[in-house]
Amino acid sequence: MQFNQATDYAFRVVLYLAYWPEGTIIRGSELALKQNIPTRFLLKIMRSLMQGGLVKSFRGVEGGYALTRKPKEISLYDVIEAMEGPIVIQRCLHEPNNCTKQFGTACPVHQTLKTVQATFIDQLQSIDFATLVHSEGGKTDD
């Protein structure tokens, strides 16, 4: 399993926005420059983050982007889900009838992967952006 490049950029965007005081609007050009993200790609990322309810946009000369929630209320999982959808490490975990051996939920591999997936998601949900900002020491130019 590997997250795509857009998700990596989305982590950086949310972290950058999380650094600023609540309600601060950051222009897209600043996000692109400070986070070294191609502008066109940034627009695609921001659409996904807006659809995921993590970011809102503001139009006009003073326009830009801001978080919709406090950084402590946004987890790594929230960003992943906005960018890539729910995490499903094996298709039979999403749809048990997809088991090619037709075990359904009784498959020992299925049950083990279900536990691994739940642990993975729990860990991602436990890491919020306020904690990440604090651990980074407030740097905004990475």
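**Notebook: salt bridges, a hairpin and helix H4**

I began with Arg 12, which is partly exposed, with a relative accessible area of 25%. A reminder to myself before going on: this is a predicted model.

**Entry 1: the salt bridges**

How many salt bridges does the structure hold? I found two.

One of them pairs Arg 12 with Asp 8, and the closest N and O atoms are 3.7 Å apart. I looked up where the partners sit: both are in helix H1 (residues 5-19), four residues apart, about one turn of the helix. Asp 8 has a relative accessible area of 36%, so I noted Asp 8 as partly exposed.

I then turned to Arg 69, whose side chain meets that of Asp 78 in a salt bridge at 4.0 Å, N to O. Is each partner buried or exposed, I wondered? Arg 69 counts as partly exposed at 30% relative accessibility, whereas Asp 78, a residue of H4, is buried.

**Entry 2: the hairpin**

Next I followed strands E1 and E2. E1 covers residues 55-58 and runs antiparallel to E2, with four bridges joining the two. In this pairing I found Phe 58 opposite Gly 64 of E2. The two strands form a hairpin with five residues between them. In the turn I checked Gly 60, and its phi is positive, about 100°.

Which residues of E2 lie on each side, and are they buried or exposed? E2 spans residues 64-67, with Gly 64 and Ala 66 on one side and Tyr 65 and Leu 67 on the other. All four are buried, and both faces of the strand are covered. I jotted down the general rule beside this: in a regular strand the side chains alternate between the two faces of the sheet.

I also looked at Ser 57, which has its place in strand E1. Ser 57 has a relative accessible area of 40%, so I listed Ser 57 as partly exposed. Leaving out residues up to four places away in sequence, Ser 57 touches Met 50, Gly 64 and Tyr 65. I also checked Ser 57 against Arg 27: they are 30 residues apart in sequence, and their C-alpha atoms are 9.4 Å apart in space.

**Entry 3: into helix H4**

On the way from E2 to H4 I stopped at Ser 75, which lies in the loop between them. With a relative accessible area of 5%, Ser 75 is under the 20% cut-off, and therefore I wrote Ser 75 down as buried. Its contacts, not counting residues up to four places away in sequence, are Leu 124, Gln 125, Ile 127, Asp 128 and Phe 129.

Why is H4 (residues 76-84) largely enclosed by the rest of the structure? Seven of its nine residues are buried, so that is the reason I noted. The buried ones are Leu 76, Tyr 77, Asp 78, Val 79, Ile 80, Ala 82 and Met 83. After H4 comes Gly 85, and I found its phi to be positive, near 90°.

**Entry 4: H4 against H6**

Last, I looked at how H4 packs with helix H6 (residues 108-125): the angle is about 110° and the axes are 6 Å apart. That makes the two helices roughly perpendicular. H4 brings Leu 76, Tyr 77 and Ile 80 to the contact, and H6 brings Ile 121, Leu 124 and Gln 125. Sorted by class, I have five nonpolar residues, one polar and no charged ones in this contact. Two of these H6 names were already in my notes, as Leu 124 and Gln 125 are among the residues that Ser 75 touches.

Definitions and conventions
Residues are numbered from 1 along each chain as its sequence is written. This is a predicted model: local features need pLDDT of at least 70, side-chain atom pairs count only at pLDDT 80 or more; totals for chains, interfaces and linings use all residues. Side-chain values use heavy atoms; hydrogens and water are left out. Buried means under 20% relative accessible area, exposed over 50%, partly exposed in between (1.4 Å probe, protein chains only). Two strands pair if DSSP finds at least two bridges between them. Contact means heavy atoms within 4.5 Å. Axes are lines fitted to C-alpha atoms, for helices over the stretch in contact, and angles run from 0 to 180 degrees between N-to-C directions. Angles under 35 degrees count as roughly parallel, over 145 as roughly antiparallel, 65 to 115 as roughly perpendicular and the rest as oblique. Ala, Val, Leu, Ile, Met, Phe, Trp, Tyr, Cys and Pro count as nonpolar, Asp, Glu, Lys and Arg as charged, and the others, Gly among them, as polar.
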